[in-house]
Amino acid sequence: MPLFADVILPLPLDQPYTYSLAEEMKRPARVGSRVLVPLGGRWLTGIIVGFRKRKPGRALEVKPIAEVLDETPLFTSELLAFVRRLGRYYVVPWGEMLPSAVPPSLLVRSRASVLLTEKGKKALERGLLSEDERRLAVLLEKKPHSPLFLESKSGAKNVPALIARMRRKEFVAVERSIRRVRRRSRPEPSRSPAQLELDFSVDERVCRAVEMISGVMAKKAFSSFLLFGAAGRRKDVYSRLLREAVSKSGSVLYLVPEISLTSGLIEEFEKSLGGGLAVFHSGKTDRQRELEWQEIKEGRVRVVIGARSALFSPLRNLRLIILDEEQDESYSQQEGLPFDVRRAAGLRAEEEKAVLVMGSSAPTVESFYRARKGRSLVDVGPEFAKPKVTVIDSRGRPGLIDGRLVRAVRERLGKKEQAIIFFNRRGYASSLACNRCGFVPKCDRCDFALSYHKSEGTLVCHACHRSVPAELICPRCRGPLTVRRSAGIEAVAEDLRRTFPGNRVEVWAAGEAGRKEHRESLLREFEKGDIDILVGTHRLTREAGLPAVTFVGILHPEMVLHLADFRSGQRAFQIIFRTSRWLRLADDAELLIQTTAPDHYSIRAAAQGDYAAFYRSEIKFRRLLDYPPFSSLAEVVFSARNVRRAAAAARMFAAKVKDSSSGIQVFGPSLAPLARKRDLFRVQVSLKARRPESLRKVLTLGLKEIRSKKSVLLFP
DNA sequence: AGCACGCCGACT
DNA sequence: GTCGGCGTGCTC
C-alpha cells in the first residue's frame with residue numbers, strides 16, 4: 001500500500017506539497033515531524049501536516065521524502081494547528097509562518113555554491129568574457145561562493161540571470177550541498193522537581209484571584225483573564241498559578257516584552273522549580289535554541305519564559321499562558337513579524353485549551369474594554385505609593401528646556417542627586433538643511449530625511465537604519481549645511497551641558513549608543529554616581545538595571561499626539577506612566593512633565609497616575625470615532641520597485657474590496673507614510689469594518705490573486 | 001523563496 | 001541578430 005505525506009514548506013505558500021514515503025520511513029514519519037524533501041532542484045526542510053493514500057493529482061509525479069529528521073515530532077498537533085490558525089488570522093501563508101516559529105537551524109536547506117569551471121578560467125584568461133561575467137569570474141577564481149555573496153560583492157545587476165547564462169555556456173557550475181544534520185546528543189536527565197515552597201501571601205485580593213483562576217484552569221477549557229493592578233501582586237498571582245499548573249503536571253508559557261526586564265524572576269522560578277525551566281532570548285546561539293527545543297519537546301522543560309518567539313515553544317499539556325506588561329508595544333504587530341503577541345497568545349491558549357492570563361497596571365484600552373465586557377477583569381489593586389508629579393505648562397515659552405525644569409535639576413544636583421531626563425526623539429535635529437538652496441540630505445533608498453547625529457558625526461536614516469558620515473557642505477550649491485536644532489535628544493543633552501558645565505551629562509538612545517558594551521558602561525557609571533544627568537529616549541524604559549533616582553523630567557510627551565495614529569493618546573499616557581517607575585519612592589522624589597498640552601486627558605490622567613480617568617476619556621474617543629475596540633482596522637501596504645506596479649496592485653485590491661461590498665469602508669489607495677523604503681515604493685489601502693471576521697474574509701479574498709509584495713497590519 | 005522561461009528594447 | 005533587464009509562473 002503506497003503512502004503519501006502532505007508537507008508544508010518554509011516558502012510563501014499556503015498549500016502543502018505531497019511526497020511519497022518509502023517503506024522504511026512509514027514508521028518514523030508522523031504529523032509534526034520534520035522531513036528533508038527535494039523541491040525544484042534544491043533541498044528543503046518541511047513539516048508533515050497529514051497523510052493520504054493516493055496522490056492528489058493523477059498526472060502528478062510525486063517525489064520521495066529523503067529523510068525523516070525527527071524521532072519525536074517537532075510540532076505537537078496543537079502547535080501545528082496554532083501556527084495554521086495564526087497564519088489564517090493574519091493573512092500570512094502557512095509556510096511563511098514556519099520560519100518565525102522554529103529556530104532557523106532546525107530548517108536545514110541545501111545551499112548553492114557557484115564555482116568556476118576550467119572552461120571559465122580559460123575564458124577569463126583570454127579575455128573572452130563580458131564586463132559582468134569577468135567580475136563574477138574574478139571573484140570565483142580562488143574559491144567557490146554562494147549566489148548571495150556574489151550578489152553583494154560583484155556589483156553586477158541581476159546576478160541570478162547572469163549565473164544562469166554563464167552556466168549555459170559552461171563557464172561556471174552550481175553545486176548544492178546540505179549541511180549534515182547533526183545527530184542529537186543525549187542531554188543530561190532532568191533533575192527531579194525540588195520541594196515546592198509554600199508561600200503565605202496575606203493579600204486577600206491575590207488569594208481570591210489565584211483561587212478563581214486556578215478553579216477555571218482545572219476545567220481544562222480555554223479561558224482568558226486580565227489581571228489589573230500592581231506589579232508585585234501580579235507576580236504573586238503568576239507565581240502561584242504557575243506552581244499550581246506544574247504540580248498538576250501541566251506546562252506553562254510565561255511571556256514578557258523583553259527578556260532583559262526579567263532579572264530576578266528567572267532566578268526565583270529556578271529556585272522554586274528546581275530545573276525544568278527554559279529561558280528564551282535573542283542572545284542565544286542557534287545551537288542553544290535547538291537544544292532547548294529538543295528539551296521542551298521531550299517534556300524535560302515544563303516552564304518557558306521568553307519574548308515573542310517563546311510563543312512557539314512545543315510545550316506539551318500547556319495549561320497556562322502568562323503575558324505580563326500587556327500594554328507593552330513590543331507585543332504589537334511590527335515590521336517583519338506579522339502578528340500581535342496578545343492575539344496570538346489567545347489563539348494558542350484556545351488551541352491548547354489552556355488559560356491565558358494577561359496582566360498590567362495600565363493595560364491597553366482594547367484589552368481593558370474586552371475584559372470588562374467579558375467579565376474577565378481581575379483587579380488586584382493599584383500600587384500603594386504614587387510619586388509626586390508636577391506639570392509645567394511651557395506654551396509660549398522659548399527654548400527647548402523650560403527654566404522651571406532647569407531650576408529643579410539644579411536643586412537636585414546641588415544635593416548631589418542624579419536626574420533622568422526623558423525625551424522621545426533620537427538624534428540631534430530632525431535634519432540638516434542648506435540655508436542657501438534649501439537642500440535637505442535624504443536617504444537614497446528611502447523617502448526620508450536623514451537625521452543628524454552630531455556626537456557621532458553621522459547622518460542616520462531612521463527608516464532603514466543606514467548611516468553615512470555627515471558632510472556639512474551642501475552638495476548642490478557648496479553652501480554650508482546648518483543644523484535645524486529644533487528637537488532631538490542630542491540637542492537636549494547639549495543644552496544641559498551648556499547649562500550645567502560642571503556636571504556630566506550622557507545620552508542613552510538606540511542606534512548610535514546601541515552597542516551593548518557602551519550601554520553597560522554607561523549604566524555602571526550612572527550607578528556609581530559618575531554621571532549626573534542621564535538623557536534618554538524610549539529605549540531607556542527597556543533597561544532593567546537602571547537604578548532608581550529621585551528626579552525624572554519628561555520633555556514634551558505630547559509630541560506623540562501629533563502622529564496620525566488612533567493609539568497616540570494611549571502612547572502619551574504610557575510614556576509618562578512608565579517613566580514614573582524610575583523614581584525612587586522617597587518623600588522628596590519628583591516627576592516633572594514639561595508640555596505644551598497640559599490639558600490633554602492623556603497627560604493629565606498620567607500625571608495623576610489615574611488609569612481609570614484615562615480609560616474613560618480614551619474609550620469615549622474610540623467610540624466616537626469608531627476606532628478599535630469598536631471596529632477593526634487593516635492596513636495593507638503594496639510595495640514594488642516601480643510606483644506603477646505598487647499602485648496597480650493597490651487599485652486592484654481596493655476595487656475587489658469595494659465589489660464585495662460587505663459594509664467595509666475603504667480608504668485609499670494612497671502613498672504609504674513612508675512612500676519609499678529600501679528602494680521599494682509603497683502604496684497603501686486601509687480598511688475599516690465593524691466585525692473582525694468580515695475584515696479577514698475580505699482580506700483573504702481580495703489578496704488572493706495579487707502577486708505583488710504586500711504586508712498586512714491588523715488592528716486590534 | 002529560488003529558478004527557468006520568454007518577452008522586449010538596445011547594443012556588439 | 002545577441003545581450004541584459006524584467007515580469008510570469010512553477011515547484012510535489
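Okay, let's start with one residue: Ile533 counts as buried, because 26 C-beta neighbours sit inside 10 Å. Buried here means 20 or more other C-beta atoms within 10 Å of a residue's own, with 12 or fewer being exposed and anything in between partly exposed; the C-beta atoms are placed from the backbone. Before I go on, this is a predicted model, where local features need pLDDT of at least 70 and side-chain atom pairs count only at pLDDT 80 or more, while totals for chains, interfaces and linings use all residues. Residues are numbered from 1 along each chain as its sequence is written, and chains are lettered from A and ligands numbered from 1 in the order in which they are written.

Back to Ile533, which is found in strand 23. Strands are DSSP runs of E with at least two residues, helices are runs of H or I with at least four, and both are numbered from the N terminus. Leaving out residues up to four places away in sequence, Ile533 touches Val409, Ala419, Ile421, Leu496, Phe500, Asn503 and Val505. A contact means two C-beta atoms, placed from the backbone, within 7 Å. Ile533 and Glu417 are 116 residues apart along the chain, yet their C-alpha atoms are separated by 9.3 Å.

So what sheet are we in? Strand 23 belongs to an open sheet of six strands, ordered 15-25-24-16-23-22, with parallel pairing. Strand 15 (388–393) and strand 22 are at the edges with a single partner strand each, so one side of each has no neighbour in the sheet. From one strand to the next, the twist averages 20°. Pairing, by the way, takes at least two DSSP bridges between two strands. Strand 22 and strand 23 have four bridges, in the parallel sense, and Val507 has Val535 in strand 23 as its bridge partner.

Now look at helix 14, residues 489–499. This helix lies across strands 16, 22, 23 and 24, and runs at about 170° to strand 22. For that angle, axes are lines fitted to C-alpha atoms, for helices over the stretch in contact, and angles between N-to-C directions run from 0 to 180 degrees. Its buried residues are Ile489, Glu490, Ala491, Val492, Ala493 and Leu496. Strand 16 (419–423), strand 18 (451–453) and strand 24 (551–555) are among the elements covering them.

There's another open sheet, with five strands in the order 2-1-4-3-5, and here the pairing is antiparallel. Strand 2 (17–20) and strand 5 (67–68) are the edge strands, pairing on one side only. Strand 1 (residues 4–8) and strand 4 (residues 42–52) share five bridges, and Ile8 stands opposite Ile47 in strand 4.

Next, the DNA. Which residues come nearest to DNA strand B? They're Leu11, Pro12, Gly40, Ala112 and Ala164, out of ten residues around the strand. Near means a C-beta atom, placed from the backbone, within 6 Å. Helix 6 (residues 159–168) gives the most to this surface, with three residues.

One contrast with Ile533: Val666, in strand 27 (residues 665–677), is partly exposed, with 17 other C-beta atoms within 10 Å. Its contacts include Ala654, Val657 and Leu687.

Last, the whole chain. Chain A comes to 20 helices and 29 strands, and buried residues make up 41% of its 716 residues. Among contacts with a separation of 6 or more, 74% are between residues 24 or more positions apart.
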